[in-house]
Amino acid sequence: MKKELTIDMLAAVKRPDRYTGGEFGSIVKKDAEVRMALAFPDVYEVGMSYLGFKILYHLVNKMDGIAAERVYAPWVDMEKLMRERGVVLTTLETKQALSELDAVGFTLQYELSYTNILNMLDLGGVTVRKAERRDDEPLVLVGGPCVFNPEPLADFIDLALIGDGEEALPEVLEALRQWKEEGRPGGRKGFLHRAQQIPGIYVPEFYEPEYNGDGTLARMKVTDPAAPACVEKRVVADLNKVDFPTAPVVPFGEIVHDRIMLEMFRGCSRGCRFCHAGMVYRPVRERRPEVLREVAHRQVDNTGYDEISLVSLSTADYSCLPCFLDTMIADFRSRDVSVSLPSLRIDAFSVDIAKKVQVVRKSGLTFAPEAGSQRMRDIINKGVTEEDLMNAVSGAFENGWSKVKLYFMIGLPGETDEDVLAIARLARKVQWKYKEITGHGGCQVTVSTASFVPKPYTAFQWVPQDTLDEIRRKQRLLIEALRVKNITFQYHDSQTSIMEGVFARGDRRLGKALYLAWKAGESFDGWGDQFRYDRWQQALQEAGVDPDFYNHRLRGETERFPWEHLQPGVSRAFLAREYARAKEQMLTKDCRQGKCNGCGVCQKLGVPVVDYSGHAYDASAEPKFVPAAERTASVRKALRAAAAAAGYDLLAPAVAQVAAATAYKAAGTPAAEGVAE
Amino acid sequence: MKLRFRITKDKEIRFISHLEYLRTIGRAFRRARLPVAYSQGFNPHMKFSLASALGVGVVSQAEYVELELTEPVVPAKAAEAFAKALPRGIRVLDYDAADDHARALMAAAGGAGYRVTVPCAGSVEQAEAAVAQFNAAPELFFEKAAPKAKKKVKRIDVKQYIHRLAVGTAEITGEAARDAKARGETALVFTFDIRITPGGSMKAVDLLNTLREAYGLDLAVVRADIERVSLYRVGPDGTHLPLLDNKAVCR
């Protein structure tokens, strides 16, 4: 087996630093009983920017005798050389081929990275199709956001980790060590039987879909007596209690997010109806400001980075943000470290925040109204008005910004041409606002549109995606309407959006098409220049699957979906209600600002929203904190009682939350309001 | 106060670009919390520099970095902190200190020693003959494409930079050995010095290209393992003097 990337190979490719490792903070464990790869199905600089793997790399490598190593997809130039010379794909740390490891874990960030998973397995010497894989080959794991529908990958994976990985992955690896130590009883199947007993672990081969005559799912048959009918996601109840990396790997070359990433909280309760992350990462769980501050200091010490990005799904919603920002900026000013936010909410508050964090450089500000017309924004439950946007950009212009980037989606359900053109009108209004405030023109507006892709576990999981022609027609409408001085219009490739749509709500029958497409040479589909629609069409045809069935069909109200045996906790009744409200253009408020909307997550998972609002940050007086287990247990108990008393529907959350709040108050925690809302 | 370090660029990170190497050193200074001086202006940057840029893919035992400090430090302690803050693949071999007005190392460097191991499809005798010819030649011109202008070529007299070279053989090791054997190649080892002048210098790899072109030596230049082994000042009489010449302060 050839493993070495020779001098002439490295000299011939772009960015050779992608392949050589040895970065500061990388962890080489020469002796380990169990060795796994955290495999990112894209190039180094993209994969190295992924926070999830920074967290897991740190956590797993803290375990005794267990090693996590990194591997990324070689870019096409290197892949070509490797295939020509028979060089196998290895990890960066100990340069072992993927086939020599105990497990290879891929993250599913994006549907169009699936061909890269197949390709990396193949390059790493691992048999691509699970049915043909030998018993001594590594286990193939997946996790990440798209894991809530891993069915198109069922032919290739052994198990999926549903939900937060901080606790589940160490448990799987511990079980793997045990099984290995015992001499691999029962072979691969033997391990899978053990693994499925771990909460949050899904073993696809223990399930078999049965289809109706019209191609829809009849049921997901459980073929193993011990397998649960439904796998509920894992959720870390208290993020303060799990280790956050304090010494992440510092790359030599520039990566996409080349800075410290501080995860403020997980989850988002805004309830945008198109948003997958907003549903599957619930409930919102914040980290304590003092914990974040401590982690930030240690990361600056250990990395030498000069920028900290406060990341989350919606950082402006962090309950203690203003105080926390002031503290952070004061802390780090003397160390020449800047603090930044990845995105801004559309309001004046966010512009005030931006003023604080952008003390040095004034680049453009980015806002995401998502839709051009109020009608559409109400349909998607964006909860933002044109006035909000105008206030936000006014604030920006008054403070010296002259560049604005606006993100939109086209192809949202119920969209008319009027709604599409409203995007252009909004961009013009932003320019006029600039002129009104500054008295002159010259405001640079970039309009960027993505094509809406319906995702599982969202209110729009039933809706058809726009056809290719329709997306293109709408893009042309905007190209015409945005031929305006100082407006730049960018839009996503329509063909990749179509394929993303097919796989997002796909099922196991797509596995064959995926395999054929990869065989035909598809990889890096997310990179427009590598994606070939005709090859995909061909593969789908050869596999005998109709892509339109997956993305252009209005799904029936009672249709079973191939992802519903994997549960993020959000109830189908809630999603259906949200879909109905969307049709009526009715808004649903953030549950942190009003009443519980009955999405069902807190109750089902027994994990409450963790929000520290109302408690000004004071590092000197650390508030008392109830251990997670204790707290969760008391909430669970209260919930069970409430559910029994009230019947498990809309009423239950309200009762349960009162009970939870009571439990909190009894325990003397200051977080009671945050939970009770 | 200025601190000066002799550091390495080991095999495992040989393909880190010059810019990436600089970034890595800068971050290591921050991790080591050395009181590095910053430039004034809109985009302040740390005041440190390398004595001589190294080509991508070249291993080095002799990288010299000097940095300006805002306050005095104990050199030994600073060197220890710096060494700890560096990734594997960069080691601190030596250090000294100088005052702010000391001549910049970049200006002081007058030459560099190299060792190049390169597979060759020809015989050792052929190589020895070529080396003898090279050493005897009064001048030897090499034309290379100018880096930025596409069609322009730059004509350099190799002998102006490299006076003499020596050749020996080595054993090819690792996975490459099998391929080399199959190709019937032997590994040649060239050792030589390249002058660094105020007007410029030349790359080691271009010597190999010159030997190919001028003497028809069948060198596998793309597989050459190039290593910089030294960097030095040149005395008035041509002797090689160490760059770190102020070690007394460290004791």
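**Exercise 1. Confidence along chain A**

Task: Determine over which residues of chain A the pLDDT stays under 50 in this predicted model, and how that stretch is to be read.

Solution: The stretch in which pLDDT stays under 50 is residues 614-677 of chain A. For these residues the model has 83 contacts beyond four places in sequence. Where pLDDT is low, however, the predicted coordinates should not be read in detail. As for the chain as a whole, the mean pLDDT of chain A is 89, and 90% of its residues reach 70 or more.

**Exercise 2. The overall make-up of chain A**

Task: Describe chain A by its secondary structure elements, by its share of buried residues and by the sequence separation of its contacts.

Solution: Begin with the elements, of which chain A has 24 helices and 19 strands. Next consider burial: 51% of the 677 residues of chain A count as buried. Finally, take the contacts between residues at least 6 apart in sequence; of these, 76% join residues at least 24 apart.

**Exercise 3. Strand S1 of chain A**

Task: Establish how many residues of S1(A) are buried, which residues lie on each of its faces, and with which strands S1(A) pairs.

Solution: Strand S1 of chain A spans residues 34-40, and 7 of its 7 residues are buried, so the strand is largely enclosed by the rest of the structure. To divide these residues between faces, recall that in a regular strand the side chains alternate between the two faces of the sheet. One side of S1(A) carries Val34(A), Met36(A), Leu38(A) and Phe40(A), while the other carries Arg35(A), Ala37(A) and Ala39(A), and both faces are covered.

For the pairing, S1(A) runs parallel to strand S2 of chain A (residues 66-72), with 7 bridges between them; here Ala39(A) stands opposite Val71(A). S1(A) also pairs in the parallel sense with strand S3 of chain A (residues 103-107), over 4 bridges, and in this pairing Met36(A) has Ala103(A) as its bridge partner.

**Exercise 4. The buried face of helix H17 of chain A**

Task: Find out which residues of H17(A) are buried, how they are arranged about the axis, and what covers them.

Solution: In helix H17 of chain A, which comprises residues 510-519, the buried residues are Leu510(A), Gly511(A), Ala513(A), Leu514(A), Ala517(A) and Trp518(A). Viewed down the axis of H17(A), they fall within an arc of 165 degrees, so they line one face of the helix. The spacing can be related to helix geometry: an α-helix has 3.6 residues a turn, so residues three or four places apart point the same way. Among the elements that cover the buried residues of H17(A) are helices H5 (114-123), H16 (494-504) and H18 (533-543) of chain A. After H17(A) comes Gly521(A), which has a positive phi, near 115 degrees.

**Exercise 5. Contacts of chain B**

Task: Analyse the contact of chain B with chain A, and then the contact between the two domains of chain B.

Solution: The contact between the chains takes 20 residues from chain B and 19 residues from chain A. On the side of chain B, helices H1 (18-31) and H6 (175-183) each supply at least two residues, and the largest share, 6 residues, comes from H1(B). By class, this side of chain B has 7 nonpolar, 4 polar and 9 charged residues.

Within chain B, the domain assignment gives domain 1 (2-108) and domain 2 (111-234), whose centres, taken over C-alpha atoms, are 28 Å apart. Each of these domains of chain B gives 12 residues to their contact. On the side of domain 1 of chain B, the largest share, 5 residues, comes from strand S3 of chain B (residues 59-68), and that side has 7 nonpolar, 5 polar and no charged residues.

Note on methods
Residues numbered from 1 in each chain as written. Chains lettered and ligands numbered in written order. Predicted model: local features only at pLDDT ≥ 70, side-chain atom pairs only at ≥ 80, totals over all residues. Buried ≥ 20, exposed ≤ 12 C-beta atoms within 10 Å, placed from the backbone. Pairing = 2+ DSSP bridges. pLDDT = per-residue confidence, 0-100. Contact = placed C-beta atoms within 7 Å. Nonpolar A, V, L, I, M, F, W, Y, C, P; charged D, E, K, R; others polar. Arc of directions from axis to C-beta. Domains from an automatic or database assignment.
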